[in-house]
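Got the viewer open? Here is a short tour, one selection at a time.

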Amino acid sequence: WVDMASAPSAYAEETIHAGWITKEGSKFKSLKKRWCVLRRSEQGPTLAYYENENSQRELGRIALTGAAVSRAKQGRDTFENVLRLDFRGLHAVLRKFILCFETSEELEQWATHIKSCIEGGAASEGKIRLRLTVIRGNRQHNPSNTFCMIAVRSGVGGVSQTLFQTSTAPNALEPVWNESFILDVDPVDDIVEVLCIDHYLTTEL
């Protein structure tokens with residue numbers, strides 16, 4: 001089952017939310033507390049981070065377009081409230097960012113703002129922005145480790161370009177994902193494809 005709807009329209013550049021986040025380093029996986037600022041613009045949403053709230057020097061920036069936002073199943077060091085930002089490729093997570101929070105309320109607040117920004121970014125010229133949610137699969141004959149790939153094909157004879165991949169539903173007869181993705185598509189020519197695949201057999205189901 002797949003749900004697809006038009007995403008909200010574009011916003012002018014603005015700051016949406018700011019506060020302290022303990023984030024995992026992109027190169028060295030140690031945790032550091034940073035002052036983070038969530039912004040959205042016509043170029044898409046970003047999360048910039050600084051040494052403190054008064055610093056003008058940006059230490060880094062995460063472009064959030066295409067990120068899958070989820071609460072981590074396991075904590076990180078002393079933190080129980082952990083948010084994951086996953087950027088998925090064909091068969092694996094290409095990039096992952098870990099954000100840690102002191103309270104569950106802080107995590108939920110940031111998650112809500114980040115998801116809203118991702119869904120509310122601007123589509124490319126000549127395209128519309130869609131939110132596609134992969135909900136669940138139909139009952140299968142045998143349990144399998146199943147994932148879905150989301151691809152866009154330009155025209156009937158075009159080549160499919162895989163954009164996103166869900167997580168793998170382990171040993172499931174009726175796999176459930178409930179994962180959402182944002183796609184920019186040409187409303188006239190593009191064809192959106194959702195393929196359900198066995199993780200080990202790498203064959204289409």
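Start by selecting Asp-189, which sits in the loop between E13 and strand E14 (190-198). Helices (H or I, at least four residues) and strands (E, at least two) are DSSP runs, numbered from the N terminus. Asp-189 is partly exposed, at 42% relative accessibility; buried means under 20% relative accessible area, exposed over 50%, and partly exposed in between, with a 1.4 Å probe and protein chains only. Now add Ser-154 to the selection: the C-alpha atoms of Asp-189 and Ser-154 are separated by 5.6 Å, although the two are 35 residues apart along the chain.

A word on what you're looking at: this is a predicted model, where local features need pLDDT of at least 70, side-chain atom pairs count only at pLDDT 80 or more, and totals for chains, interfaces and linings use all residues. Residues are numbered from 1 along each chain as its sequence is written, and side-chain values use heavy atoms, with hydrogens and water left out.

Next, pick Asn-171 in strand E12. Its phi is near 50°, a positive value in a residue other than glycine, and Asn-171 counts as exposed at 58% relative accessibility. Then hop to Asn-178 in strand E13, where phi is near 55°, again positive in a residue other than glycine.

While E13 is on screen, show the largest pocket. E13 gives the largest share of its lining, 7 residues. Here a pocket is an open set of points on a 1 Å grid over the protein atoms alone, where a 1.4 Å probe fits, with protein on both sides within 12 Å along at least five of seven lines; lining residues have an atom within 4 Å of a point. The space in the largest pocket is about 750 Å³, the volume being that filled by probe spheres set on the points, which are joined across faces, edges and corners. To centre your view, select Ala-68, Ser-70, Arg-88, Ser-167 and Glu-179, the closest to the pocket centre of the 33 lining residues. Colour the lining by type and you get 14 nonpolar, 10 polar and 9 charged residues; Ala, Val, Leu, Ile, Met, Phe, Trp, Tyr, Cys and Pro count as nonpolar, Asp, Glu, Lys and Arg as charged, and the others, Gly among them, as polar.

Now for the rings. How many aromatic pairs does a search of the whole structure find? There are 2, where rings of Phe, Tyr and Trp (its six-membered ring) pair if their centres lie within 6.5 Å, and planes under 30 degrees apart count as stacked, over 60 as edge-to-face and the rest as tilted. Trp-20 and Trp-35 are edge-to-face, 5.5 Å centre to centre with 80° between the planes. This pair joins strand E2 (residues 14-24), home of Trp-20, to strand E3 (residues 31-40), home of Trp-35. Phe-87 and Phe-97 are also edge-to-face, at 6.0 Å and 85°, and they link strand E7 (residues 81-88) with strand E8 (residues 93-101). Both Phe-87 and Phe-97 are buried, whereas Trp-20 is partly exposed at 31%.

Last stop: the largest nonpolar core, with 22 residues, where Leu-47, Leu-64 and Trp-110 are among those with the most contacts. Such a core is a set of buried Ala, Val, Leu, Ile, Met, Phe, Trp, Tyr and Cys residues joined through side-chain atoms within 4.5 Å. H1 gives the most to this core, 6 residues.
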